[in-house]
Amino acid sequence: MARNPNGNADQPPVGAGEERLDRRRFLKQGAALAGATAAAGATAAQSGGDLPWLHVPGQPFSAYGQPSSHERYTARRIGANRAVAGNGVSFTPLEDLDGTITPNGLHFERHHNGVPQIDPAQHRLVVHGRVRQALSFDVKSLLRYPMRSQMLFIECGGNSNAGWHAEPIQRPAGSVHGLVSCAEWTGVPLSFLLDEAGVDQEASWVIAEGADAGAMNMSIPLGKMREDCLIGLYQNGERLRPENGYPMRLIVPGWEGVLHVKWLQRLEVADQPVMSRNETSKYTELLPSGKARQFTFTMDCKSLITSPSHGQTLRQPDVYQISGLAWSGHGRITRVEVSVDNGRQWTDAVLQSPALPRCFTRFRLPWRWDGKPAVLKSRATDEAGNMQPERAALIAERGRAGYFHYHAIVAWAVEDDGLVSHTY
Amino acid sequence: MDWFRILISAAVATTLLNGCAAPLAQRVEAPKLGVPVAADGLAAQTLNVFPDGRGLPPGQGSVKEGAPLFLRHCAACHGRDGRGGTAEELTGASRPLDHPAADKTIGSYWPFATTLFDFIRRAKPMTAPGTLNADEVYALSAWLLHANGLIAADAVMDAARLAAVRMPNREGFIRVEAP
């Protein structure tokens, strides 16, 4: 894959020893060119002819709105087990979206044995184990509790795992990195239910269980449950979708997706983890030493450029908006830097505000492509001081057999014909 | 001057009120709508099986009884000998865990034998999870442990014996964020 050793010819290094490009100059030039492009677009629209929707009545009202038929290809991409259709994933098409909120119909999925169709009237959440009094809650009761709303990303521990492969995978950004989505989750703080049941002194874990075919179970430290976990009931304002846990799921801010147990039906308070299949055999990361990391809960500081990205084409040398997403389970994103020369020089991107903790943060930076090969990268930093590592550094630390928790810098190569592909 | 003082006082009062708002909000009273459940009711239906054997039900099953159950319920995806198919390998590890392409089988990777019972009972077979009885789950656990060279061909598993199996990779995990 050809790379440009000199970087972007329009933005040469500012001076010897100067590591950073001048963002103001970068933006100023971008704004001037963007104005010229907009003027050209207006001329094209005026010559569009007589448009039929100006003369016939439109469609009637709809009870539940759907996207334009012209956007029908903005869809989740499904990767399922060929023997068991309900075991697999569907990816959020990150490169087709903008802003920070994932529409509910496009939120990524990871199901272990399909999506149960649960009648809420028959669903119960049982809190038991090391408590003073075991309790059962129905959905209507939980809807009466005080609630909290929080904008949060959820990321599967296995997201981006193709990054461990020896060769860069050639798939759209969302089809590799789209096991992460971001929504406003509303629900009941778990601390209310734990207090009501009365947790024993020696308890330290809670084992959550779903009501899916397989009753998936995961152990979560009691301290985290008390601190900020929710019984999620609403997603982006509406009740959860079945594929996201209807009628209720666990929300575990900033921690790996598998802990956000969907179709939540049981919380067993315990003095130890249950050591379920999904916290021993899976969702653990084998290191080169032969030891494995276990209970790696917090999703690391991460970012990627969603535009331009794999499969897109820059039609001609012009100004383009570099745009992407950053997130960290450790807190707020404080900085995203962008490089167009494979990481030699970095420029601060503009972060969309507010940059909320454990939430997608959109970053943008106008870039004038000169028609020469370029390698685009983004690098995120969070408020805890974590900086997203280069791939080589991550592999040096973890090896390549860990499968989970890949969060290295993503690189897109722009060829001289404008085609964008994945590169290392 | 008086008006100025009043404004200042109002500002201070507002600040104080705002300052109090957060802790008050955190003390919002929740209704107590949980319905007590008996220890032998819904709470007893837990499927969780802990490493010390807590949660294992009465019953038993042998390696010999497990062999036909594996062929019937598991082999279609995991292969006749458990070495993998459309689903992952369960037996037959040859490359050690420090190999770049390590085999992560039950015998080479799983830290606890009790996990077998917990997972098989709740999740297997995938076409009809939760339909195997306790004896069948013990028998399948026994066959898988034997196929991994961990127990003898004539072994029988029950609650006490399964919890007593020492898995080779018992100490192979670093608990990164566990309390």
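Guide: A domain here is a stretch of chain whose bounds come from an automatic or database domain assignment. The model shown is predicted.

Visitor: Into what domains is chain A divided, and how far apart are their centres?

Guide: Chain A has domain 1, residues 109-293, and domain 2, residues 302-423. Taken over C-alpha atoms, the centres of domain 1 and domain 2 of chain A are separated by 28 Å.

Visitor: What makes residues of the two domains count as being in contact?

Guide: Two residues are in contact if their C-beta atoms, placed from the backbone, lie within 7 Å. In chain A, 25 residues from domain 1 and 27 residues from domain 2 take part in the contact.

Visitor: Which elements give two or more residues to the side of domain 1 of chain A that touches domain 2?

Guide: They are β6 (148-155), α3 (173-177) and β14 (285-286) of chain A. The largest share, three residues, is from β6(A). By class, this side of domain 1 of chain A has 15 nonpolar, eight polar and two charged residues.

Visitor: How many residues of chain A are in contact with chain B?

Guide: 55 residues of chain A are in contact with 44 residues of chain B. On the side of chain A, 24 are nonpolar, 21 polar and ten charged. Elements supplying at least two residues each include α4 (190-197) and β15 (292-294) of chain A.

Visitor: Why are β15(A) and β4(B) called paired?

Guide: Pairing needs at least two bridges found by DSSP. β15(A) and β4(B), residues 173-175 of chain B, have three bridges, so the two strands pair, in the parallel sense. Arg293(A) stands opposite Ile174(B) in β4(B).

Terms used: Residues numbered from 1 in each chain as written. Chains lettered and ligands numbered in written order. Predicted model: local features only at pLDDT ≥ 70, side-chain atom pairs only at ≥ 80, totals over all residues. Helix = DSSP H or I, 4+ residues; strand = E, 2+ residues; numbered from the N terminus. Nonpolar A, V, L, I, M, F, W, Y, C, P; charged D, E, K, R; others polar.
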